[in-house]
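The following note sets out points for a colleague reading this model. They begin at the DNA and then turn to the protein chains.

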2 protein chains.
Amino acid sequence: MSGLAANKTENSAGQPVFDPPEPDEDLDFPLVELFFFAYRDFIADADGMLEEYGFGRAHHRVLHFVNRRPGMVVAELLEILRITKQSLGPVLRQLVESGHLVQIAGPEDRRQRLLYPTQKGRNLSIQLTHMQSRRIKGAIEGIKNKDRESIRDFLFGMIEPEERDLVNGLMEQDQ
Amino acid sequence: MSGLAANKTENSAGQPVFDPPEPDEDLDFPLVELFFFAYRDFIADADGMLEEYGFGRAHHRVLHFVNRRPGMVVAELLEILRITKQSLGPVLRQLVESGHLVQIAGPEDRRQRLLYPTQKGRNLSIQLTHMQSRRIKGAIEGIKNKDRESIRDFLFGMIEPEERDLVNGLMEQDQ
DNA sequence: CATTTAGGTCAGGACGGTTGACATAACACA
DNA sequence: TGTGTTATGTCAACCGTCCTGACCTAAATG
């Protein structure tokens, strides 16, 4: 009974089983899967380092964006991360307790809590970004026509159109 | 007290606060962030459709790889997904109960449970991949020199080197 | 003064993962 | 035959990261 080979359609228990999908110009399996694997390994770089501090990916994201935008208020952070304040709460508290971030009352609106990295938080964030940048740099060096612009345009094109202004705002400090 | 502007280093409660990181050739903030946002929106496409079935991302990944490799055994799936069998268990059971997958005893080694999609499972997987492929296609169309090869090489270069053979094996059916 | 806003917190729950321990069926081998 | 190993499944306990709902304080706003 070798009838279940991948190229034969077969029946079992009344349930039909099927061959692998045919190649289709609108089914780009290779790029879909490469994106999945690439992101998995891209994020794994940082996971190990974060583990040493007892941090997870949520801490990483908060640390990253506070370093990118020192003085950010909590509401801005919630908007970027698209999570609720109840979910941000513990993460923020741990980062403050561990001395990676500080919260300072807003100079004009004292209800606000401006978020700043400490030197410790800045160092960790830079280390994490450094690891990820090295992987990106290595990947760009591996392609035929070393075209950083194309990669940037491609990734930007992957972002939901309505989101692009928000992301562009975040990027305005660099090109 | 407007001394907390982003370009001034300041002290508060004994904790130093800092300026945004300087541009650095080994700190590619734009691409790091674009990768984050791109993956977020790439994955969000599928989430809505999955929600209608009460499925999450774990179901998506299982459904995808079983469709790509019909007849895959459980151990192979665990290796690709890098999760434990305890964590796969409920996901697999739900997909079988909902009629998206079937499990068939291996014809040679009857301990094995060969995984096959049903027509229902195949349809859903193709729908999901179609959405994601359209986003990728749109992103490639948006770049200057429409070079699919470069994108593929870039994403492949992002994958952990020791993992590349495994991923290449998965891709061998297409170019 | 009343209302709204920024932020924090408590309670309860869901999902998706983990480790450890154990069970079952089937294969492999001496 | 028996013994050990392999493929898979399951029970229990736990963790991280999200959620909703409800409620609170302090400060700004009218």
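1. In this predicted model, the surface near DNA strand D comprises five nonpolar, nine polar and eight charged residues. A total of 22 residues surround the strand, and the closest are A:Gly56, A:Ala58, A:Ser87, B:Val73 and B:Ala75. Two or more residues of this surface come from each of helix H2 (57–68) and helix H4 (85–97) in chain A, and from each of helix H3 (74–81) and helix H4 (85–97) in chain B. H4(B) gives the most, with four residues.

2. DNA strand C is likewise surrounded by 22 residues, of which A:Ala75, B:Gly56, B:Ala58, B:Gln86 and B:Ser87 come nearest. Here the elements giving two or more residues are helix H3 (74–81) and H4 of chain A, together with helix H2 (57–68) and H4 of chain B. H4(A) gives the most to the surface near DNA strand C, with five residues. By class, that surface has six nonpolar, eight polar and eight charged residues.

3. How are the two protein chains related? A turn of 180 degrees, with a shift of 0.0 Å along the axis, lays chain A on chain B with an RMSD of 0.1 Å. This is therefore the relation of a two-fold axis. In addition, 100% of the interface residues of chain A are also interface residues in chain B, so the copies meet through the same surface.

4. The interface between the protein chains brings 77 residues of chain A into contact with 77 residues of chain B. On the side of chain A, at least two residues each are supplied by strand E2 (15–17), helix H1 (29–51), H2, strand E3 (101–105), strand E4 (113–117), helix H5 (119–141), helix H6 (148–158) and helix H7 (164–171). H5(A) provides the largest share of that side, 14 residues. By class, the side of chain A that touches chain B has 42 nonpolar, 17 polar and 18 charged residues.

5. One helix pair across the interface is H1(A) with helix H6 (residues 148–158) of chain B, whose axes come within 8 Å and cross at roughly 35 degrees. The crossing of H1(A) and H6(B) is left-handed. From H1(A), the residues A:Pro30, A:Leu31, A:Leu34, A:Phe35, A:Ala38, A:Asp41 and A:Phe42 meet B:Ile151, B:Arg152, B:Leu155, B:Phe156 and B:Met158 of H6(B). The residues of this contact divide into ten nonpolar, no polar and two charged.

6. H6(B) also packs against H5(A), at an angle of about 140 degrees and with the axes 8 Å apart. H5(A) is therefore oblique to H6(B). The crossing of this pair is right-handed. Within the contact, A:Arg135, A:Gly138, A:Ala139 and A:Ile140 of H5(A) meet B:Phe154, B:Gly157 and B:Met158 of H6(B). Four nonpolar residues, two polar residues and one charged residue make up this contact.

7. Which helix packing may be examined within a single chain? In chain B, helix H1 (residues 29–51) and helix H5 (residues 119–141) pack at an angle of about 150 degrees, with their axes 9 Å apart. H1(B) and H5(B) are therefore roughly antiparallel to each other. Their crossing is right-handed. The residues B:Phe42, B:Asp45, B:Ala46 and B:Met49 in H1(B) meet B:Gln127, B:Leu128, B:Met131, B:Gln132 and B:Arg135 in H5(B). By class, the residues of this contact divide into five nonpolar, two polar and two charged.

Technical notes
Residues are numbered from 1 along each chain as its sequence is written. Chains are lettered from A and ligands numbered from 1 in the order in which they are written. This is a predicted model: local features need pLDDT of at least 70, side-chain atom pairs count only at pLDDT 80 or more; totals for chains, interfaces and linings use all residues. Axes are lines fitted to C-alpha atoms, for helices over the stretch in contact, and angles run from 0 to 180 degrees between N-to-C directions. Angles under 35 degrees count as roughly parallel, over 145 as roughly antiparallel, 65 to 115 as roughly perpendicular and the rest as oblique. A crossing is left-handed if the near helix is turned anticlockwise from the far one by less than a right angle, and right-handed if clockwise. Two residues are in contact if their C-beta atoms, placed from the backbone, lie within 7 Å. Ala, Val, Leu, Ile, Met, Phe, Trp, Tyr, Cys and Pro count as nonpolar, Asp, Glu, Lys and Arg as charged, and the others, Gly among them, as polar. A residue is near a molecule or strand if its C-beta atom, placed from the backbone, lies within 6 Å of it. Copies are superposed by least squares on the C-alpha atoms of residues with pLDDT of at least 70 in both.
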